[in-house]
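This briefing walks through the side-chain packing, the charged pairs and the backbone of one protein chain, topic by topic. Please keep the sequence and the structure in view while reading.

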Amino acid sequence: MTWRECRTDEHALVGSLMLALYEEDPAPTPVTLKGALRTLGRLEAEPVRGRAVLHGDGFGIDAYALLCSFWSNELGGEVCIVDELYVIPSSRRRGIASRLIGGLAGRELAWFRDAVALELEVTPSNARARALYARLGFAAYKNALMRLRM
């Protein structure tokens, strides 16, 4: 199976995968199942905001990603942000994340085909993910990410 959009009946399962991601790589602000389900519902109701996509092999879902976008004046087009990407531990090192990134970059997947760039965040201490993203062609850029919570 390849990457596909998440269905409403899969929200609870994906919510549990979201919690697993944040258990492995805690965020500065705790993520709850209620918040995860709110995100999935919002993306489903307003697809212009982004997509939740899943990967599975017929025996269940083994990965999810949240894809969002914004318009960049500097780059002259839409930037697809891989906001979250999680592969369950038993399915890692099988190329699942690489196929998502490759499919997006090669415009083979249905989402954000007109994007001029892909962007993502990675925890500085996550050496495995940093190595994967570098191998896929991602590079740090000079601007620092800053955030003001409201």
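A residue is called buried here when its relative accessible area is under 20%, exposed when it is over 50%, and partly exposed in between. By that cut-off Glu10 is buried, because its relative accessible area is 6%. The model is a predicted one, and the values below are computed from it.

**Salt bridges**

- A search of the whole structure finds 7 salt bridges, and the general background is that side chains of opposite charge can pair when their charged atoms come close.
- One of these salt bridges joins the side chains of Arg51 and Glu5, with 3.3 Å from N to O, and this pair links distant parts of the chain, since Arg51 belongs to strand E2 (residues 50-56) and Glu5 to strand E1 (residues 3-5), 46 residues apart.
- Both partners of that bridge are partly exposed, Arg51 with a relative accessible area of 22% and Glu5 at 39% relative accessibility.
- Arg7 forms a salt bridge with Glu10, their closest N and O atoms being 3.3 Å apart; Arg7 is partly exposed at 42% relative accessibility, whereas Glu10 is buried.
- The side chains of Glu46 and Arg42 meet in a salt bridge of 2.7 Å, N to O, in which Glu46 counts as partly exposed at 28% relative accessibility and Arg42 counts as partly exposed with a relative accessible area of 36%.
- Salt bridges that share partners also create one network, whose members are Arg4, Arg7, Asp9 and Glu10.

**Nonpolar cores**

- In soluble globular proteins, nonpolar side chains tend to be buried together.
- Which residues of the largest nonpolar core touch the most other members? Of its 23 residues, they are Trp3, Leu67, Leu85, Leu100, Leu104 and Trp111.
- Strands E3 and E4, helix H3 (96-105) and helix H4 (127-135) each supply at least two residues of this core, and the largest share, 5 residues, comes from H3.
- Leu67 touches, among residues beyond four places away in sequence, Arg49, Gly50, Arg51, Val53, Cys80, Ile81, Val82, Leu104, Trp111 and Phe112.
- A second, separate core has 14 residues, and Val14, Leu21, Leu54 and Tyr86 are among them.

**Helix H3 and its surroundings**

- The buried residues of H3 are Ile96, Ala97, Leu100, Ile101, Gly103 and Leu104, and these residues lie on the same side of H3 because they cover an arc of only 165 degrees around the axis.
- The spacing fits a general rule: an α-helix has 3.6 residues a turn, so residues three or four places apart point the same way.
- The buried residues of H3 are covered by elements that include E1, E2, E3, E4, strand E5 (117-120) and H4.

**Aromatic pairs and a buried histidine**

- The structure holds 2 aromatic pairs, one of which is the tilted pair of Tyr64 and Tyr86, at 6.4 Å centre to centre and with 45 degrees between the planes.
- This tyrosine pair links distant parts of the chain, with Tyr64 in strand E3 (residues 61-72) and Tyr86 in strand E4 (residues 77-87), 22 residues apart.
- Tyr64 is buried with a relative accessible area of 0%, and Tyr86 is buried at 5% relative accessibility.
- Tyr133 and Phe138 form an edge-to-face pair, 5.8 Å centre to centre with 70 degrees between the planes, and both Tyr133 and Phe138 are buried.
- His55 lies in strand E2 and counts as buried at 4% relative accessibility, while its side chain makes a polar contact of 2.8 Å with the side chain of Asp62.

**Positive phi angles**

- Most residues other than glycine have a negative phi.
- Arg93 is not a glycine, yet it has a positive phi of about 70 degrees; Arg93 lies in the loop between E4 and H3 and is exposed, at 80% relative accessibility.
- Phe112, likewise not a glycine, has a positive phi of about 55 degrees; Phe112 lies in the loop between H3 and E5 and is buried, with a relative accessible area of 13%.
- Arg107, which follows H3, also has a positive phi, near 60 degrees.

Notes. Residues numbered from 1 in each chain as written. Heavy atoms only, no water. Phe/Tyr/Trp six-rings, centres within 6.5 Å; stacked < 30°, edge-to-face > 60°. Helix = DSSP H or I, 4+ residues; strand = E, 2+ residues; numbered from the N terminus. Buried < 20%, exposed > 50% of the residue type's maximum accessible area, 1.4 Å probe, protein only. Salt bridge = Lys/Arg side-chain N within 4 Å of Asp/Glu carboxyl O. Core = buried A, V, L, I, M, F, W, Y, C linked by side-chain atoms within 4.5 Å. Contact = heavy atoms within 4.5 Å. Arc of directions from axis to C-beta. Polar contact = N/O pair within 3.5 Å; in protein donor to acceptor, adjacent residues only side chain to side chain.
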